[in-house]
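Student: I would like to go through this protein piece by piece. Could we work by question and answer?

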Amino acid sequence: MRFEIKEKTLHFKQPAGTSRGVYTTRRSWFVTLRDDEGNRGVGECAPLPNLSCDDIPEYYNILYGFAKSLCDNGELSINDLRHYPSMLFGLETALMSLCPNNHHLFDTPFAKGKEGIPINGLVWMGSYEEMLPRMEEKLRLGFRCVKIKIGAIDFDDELRLLSLIRKRFSKETIELRVDANGAFAPSEALKKIEQLSRYDIHSIEQPIKQGQWEAMSRLCKSASLPIALDEELIGINDIEKKEELLDVIRPQYIVLKPSLHGGMVGTREWIKLAEQRGIGSWITSALESNVGLNAIALLCADVYGPKITFPQGLGTGQLFTDNIPMPLKICGDELWISE
């Protein structure tokens, strides 16, 4: 095999705000593999700045070394790549899509364009005046599940937004999820979650910053809303450590992003360990281009099987002004492959 690595910067249509800051651009590295039979496979390696455990200055050089090793040896060194999840995910995708007639990675109804995957709408943080029309637009488009980023504006304004939504739409009509991205202090989290619970919220992602296992465990036991771990899973790459985290914290859900949480192989490990403990899960993208999103959606369809009913976080394909064309389309509140 031969390989090529190209860097590309994507530009958001509108600033993407989280409690950690605002994204206006997104940088990715695309690895292309070619073999002597003329097959070509492409994967996206896209660490998130100041979040991914492999967001490192020497990223390109390390990725180059792993790609060269893959081409020299014909296989991935999973153990070596565990601590570089975005690289692992991109190389897994490139290698799997290199095989003849395997550009859809897995044999599923979704991959064949026969079935869609339900997804949630995503409302980015902003001022109250910005967030309200964004929310109304998601409802107009037909989404039955909407995730709202919270924690960056006045909490009372966020509660007021949720109150307005619930006055118009019951929980039977619209499922609401909120994502705090670690914005709450442990001392205030329980009270704020109690206030949020008045609006029939499905779950809250990462209410406090990661790394506070005992505090998060107490929240999962006492909070009036189910808690989903996201950032908490970053950098936990060994199976024994994954088991320890789940056993100590005992969350109600975990949210998996292959670029952050161990590539495809690591995502499958997390889901299997969670299922053994009665913990739910769903898969989301991590602001990749359509190349990464396509691979994540194909993985999601394979992991959870046909006729997925639980909304996944795969509605990010229309975020960029200069995205890479892929056969993906959103119909109502479902993601489809259109070929």
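The turns below deal with the strands, then the cavity, then two aromatic residues.

Tutor: This is a predicted model, in which local features need pLDDT of at least 70, side-chain atom pairs count only at pLDDT 80 or more, and totals for chains, interfaces and linings use all residues. Residues are numbered from 1 along each chain as its sequence is written, and side-chain values use heavy atoms, with hydrogens and water left out.

Student: Is strand β8 largely enclosed or open, and how many of its residues are buried?

Tutor: Strands (E, at least two residues) and helices (H or I, at least four) are DSSP runs, numbered from the N terminus. Buried means under 20% relative accessible area, exposed means over 50%, and partly exposed lies in between, with a 1.4 Å probe and protein chains only. Strand β8 covers residues 201-205 and is largely enclosed by the rest of the structure, because the buried residues number five of the five.

Student: In which sense do β7 and β8 pair, and which residue of β8 is the bridge partner of R177?

Tutor: Two strands pair if DSSP finds at least two bridges between them. Strand β7 (residues 175-179) and β8 have four bridges, in the parallel sense. In β8, R177 has as its bridge partner S203.

Student: Which helix lies between β7 and β8 in their β-α-β unit, and what is the hand of that unit?

Tutor: A crossover is right-handed if, with the strands pointing away from the viewer, the path from the first strand over the helix to the second runs clockwise. The helix of the unit is α6, residues 186-197. The chain then crosses from β8 through helix α7 (residues 213-222) to β9, and this crossover is right-handed. The unit of β7, α6 and β8 is likewise right-handed.

Student: Which residue of β9 is the bridge partner of E205?

Tutor: β8 and β9 pair in the parallel sense over two bridges. E205 is matched in β9 by A228.

Student: Which residues of β10 are buried on each side?

Tutor: β10 spans residues 253-256, and both of its faces are covered. Y253 and V255 are buried on one side; on the other side the buried residues are I254 and L256.

Student: Which residues stand opposite I254 and L256 in the paired strands?

Tutor: β9 (residues 227-229) is paired with β10 in the parallel sense over two bridges, and I254 has L229 opposite. β11 (residues 280-283) is also parallel to β10, over four bridges. The bridge partner of L256 there is I283.

Student: Which helix joins β10 to β11 in a right-handed unit?

Tutor: The right-handed β-α-β unit begins with β10 and ends with β11. Its helix, residues 263-276, is α9.

Student: What is the order of the open sheet of three strands, and which strands stand at its edges?

Tutor: The order is β4-β13-β12, with antiparallel pairing. Each edge strand has a single partner, so one side of each is left without a neighbour in the sheet. The edge strands are β4 (117-118) and β12 (328-331).

Student: Which residues of β13 are on its covered face, and which residues pair with L335?

Tutor: β13 (residues 334-337) has E334 and W336 on an uncovered face, while L335 and I337 form the covered one. L335 is the bridge partner of I117 and also of I330.

Student: What is the volume of the largest cavity, and which residues lie nearest its centre?

Tutor: On a 1 Å grid over the protein atoms alone, a cavity is a set of points where a 1.4 Å probe fits but cannot get out, and lining residues have an atom within 4 Å of a point. Grid points are joined across faces, edges and corners, and a volume is the space filled by probe spheres set on the points. One cavity of 30 Å³ or more is found in the whole structure, and the largest cavity has a volume of about 280 Å³. Its lining has 24 residues, and nearest the centre are K147, K149, K257, S285 and L287.

Student: Is F3 buried or partly exposed, and which residues does Y64 contact?

Tutor: F3, in strand β1 (residues 2-18), has 24% relative accessibility and therefore counts as partly exposed. Y64 is in helix α1 (residues 59-73). Contact means heavy atoms within 4.5 Å. Leaving aside neighbours within four places in sequence, Y64 contacts F3 and I5.

Definitions and conventions: On a 1 Å grid over the protein atoms alone, a cavity is a set of points where a 1.4 Å probe fits but cannot get out, and a pocket is an open set with protein on both sides within 12 Å along at least five of seven lines; lining residues have an atom within 4 Å of a point.
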